Amino acid sequence: MWVFEELVEGRNLSEIINTTHENPKYLPGVQLPENVVAVTDVAESVTDSDILVWVLPHQFVKRILGQIKSVIKPGAVSLSCIKGLQESAELALISTLIEEEAGTECSVLMGANIANEVAREEFSEATIGCKQEMSHVYKSLFDTSYFRTNTVTDVHTVELCGALKNIVAVAAGFVDGLGCGGNTKAAIIRIGLREMVAFCQRFVGADKTNEQTFFESCGVADLITTCYGGRNRKVSEAFVRTGKSLDELEGEMLGGQKLQGPMTAREVHQVLKKMDVTAQFPLFSSVYEICYEGRAPKSLFESLGGQ
């Protein structure tokens, strides 16, 4: 397992993981299996690997690809757990970037599975978007009694759900920061789900988007859990309550983890603006404007009537 090296209480994180079998910075109190070995050379970690599992903030994928593509084993495949988009005026999926740059077929795993709860072996689910012939491979790798997986072939919809729900979670955090109740958050979740479906149908294609996928763990389940827990909701609530910038709060509250929702809102806004359809996605557009253009959080509801 590749680990970005950093110091934790004066010791290298990789050394701590390999000697104590715990990641005290990002997953404290959880015992890791002894066959999980931390290495700090990303090229070493992928050499001779048959399946590459991608779990890192989406803004770093291009840089990592540049370091490993020359050593990827011919015939290897990738599975991405990355929830985000490439920053581009065109819709650009992370799985597409991995396929083009790494030369590997790329499936995706998304769902309502916050890491510390999965690590405590609390029951949860995930959706794997992959070709039918890879279904049994991924289920044999990931499916357990407490982590149940379902496979679908609607790969791009699964991936987009994982990215777009973080925008809705930012809006849910604004709702909490404003002191609104359950009715308001339920409305935000419903409107957000509607925009997620509409975005997928427009940019993946209505004929290629299976609406049933939104009822999988990657869809409504991940949307709900992210709007009630998770870092995007938490930091967005603090953004409203404290008046501090998102960058400040990321540094203060996330302990080195990255905030994905605002960045994804910006990436999505670029696509919507180029297509001249921002008015059709008022929640996504409002989140972008509040995060990046100084619009007041309490104005969130002004453009949502009749959605």
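**Notes on the predicted model: a buried loop glutamine, the sheet, the cores and the cysteines**

1. Let's start with Gln260, which counts as buried at a relative accessible area of 9%. This is a predicted model, and Gln260 sits in the loop between H11 and H12. What does Gln260 touch, once residues up to four places away in sequence are set aside? The list is Pro57, His58, Gln59, Lys83, Asn166 and Asn232.

2. Next, the sheet. It is open, has 5 strands in the order S3-S4-S5-S6-S7, and its pairing is mixed. Which strands stand at the edges? They are S3 (51–54) and S7 (147–152); each has a single partner strand, so one side of each has no neighbour in the sheet. From one strand to the next, the twist averages 25 degrees.

3. Two of the strand pairs, in a bit more detail. S3 and S4 run parallel and are joined over 4 bridges, with Leu52 having Ser78 as its bridge partner in S4. At the other edge, S6 (residues 124–129) pairs with S7, again in the parallel sense, over 6 bridges. There, Ser124 is opposite Phe147 of S7. Helix H6 (residues 135–142) packs on the sheet and touches S3, S4 (77–80), S5 (105–110), S6 and S7. The direction of H6 makes about 170 degrees with that of S7.

4. A word on the faces of S3. In a regular strand, side chains alternate between the two faces of the sheet. In S3, Leu52 and Trp54 form the covered face, while Ile51 and Val53 form the uncovered one. Trp54 also turns up in a second, separate core of 17 residues, whose members include Ile72, Ile98 and Ala102.

5. Helix H4 (94–102) is worth a look if you like one-sided helices. Its buried residues are Ile94, Ser95, Leu97, Ile98 and Ala102. Because these cover an arc of only 160 degrees around the axis, they are on the same side of H4. What covers them? The cover includes S3, helix H3 (61–68), S4, S5 and H7. Just after H4 comes Gly103, with a positive phi of about 75 degrees.

6. Ahead of that helix, Ala92 is in the loop between S4 and H4. Is Ala92 buried or exposed? At 14% relative accessibility, it counts as buried. Leaving out neighbours within four places in sequence, Ala92 is in contact with Leu85 and Gln86. For a longer-range distance, the C-alpha atoms of Ala92 and Val152 are separated by 21 Å, with their positions 60 residues apart along the chain.

7. On to the largest nonpolar core, which has 48 residues. Leu164, Phe199, Phe284 and Leu300 touch the most other members. Helices H7 (155–177), H8 (182–205), H9 (217–228), H10 (231–242), H11 (246–253), H12 (261–274) and H13 (282–292) each supply at least two residues of this core. Which helix gives the most? H7 does, with 12 residues. Take Leu164 as an example: setting aside residues up to four places away in sequence, it touches Met196, Phe199, Cys200, Val268 and Phe284.

8. How many disulfides does a search of the whole structure find? The count is 0. For Cys106, the closest cysteine sulfur is that of Cys81, and at 9.4 Å it is too far for a bond. Cys291 is in no disulfide either, with the nearest cysteine sulfur, in Cys227, 14 Å away. Both residues are out of the solvent by the accessibility criterion: Cys106 is buried at 5% relative accessibility, and Cys291 is buried with a relative accessible area of 14%.

9. Last, two backbone angles to check. Most residues other than glycine have a negative phi. Glu121, in the loop between helix H5 (115–119) and S6, has a positive phi near 60 degrees. Asp276 is not a glycine, yet its phi is positive too, at about 55 degrees. Asp276 lies in the loop between H12 and H13, and at 67% relative accessibility it counts as exposed.

Terms used. Residues are numbered from 1 along each chain as its sequence is written. This is a predicted model: local features need pLDDT of at least 70, side-chain atom pairs count only at pLDDT 80 or more; totals for chains, interfaces and linings use all residues. Side-chain values use heavy atoms; hydrogens and water are left out. A disulfide is a pair of cysteine sulfur atoms within 2.5 Å. Buried means under 20% relative accessible area, exposed over 50%, partly exposed in between (1.4 Å probe, protein chains only). Two strands pair if DSSP finds at least two bridges between them. Axes are lines fitted to C-alpha atoms, for helices over the stretch in contact, and angles run from 0 to 180 degrees between N-to-C directions. Contact means heavy atoms within 4.5 Å. A nonpolar core is a set of buried Ala, Val, Leu, Ile, Met, Phe, Trp, Tyr and Cys residues joined through side-chain atoms within 4.5 Å. The arc is that of the directions from the helix axis to the C-beta atoms.
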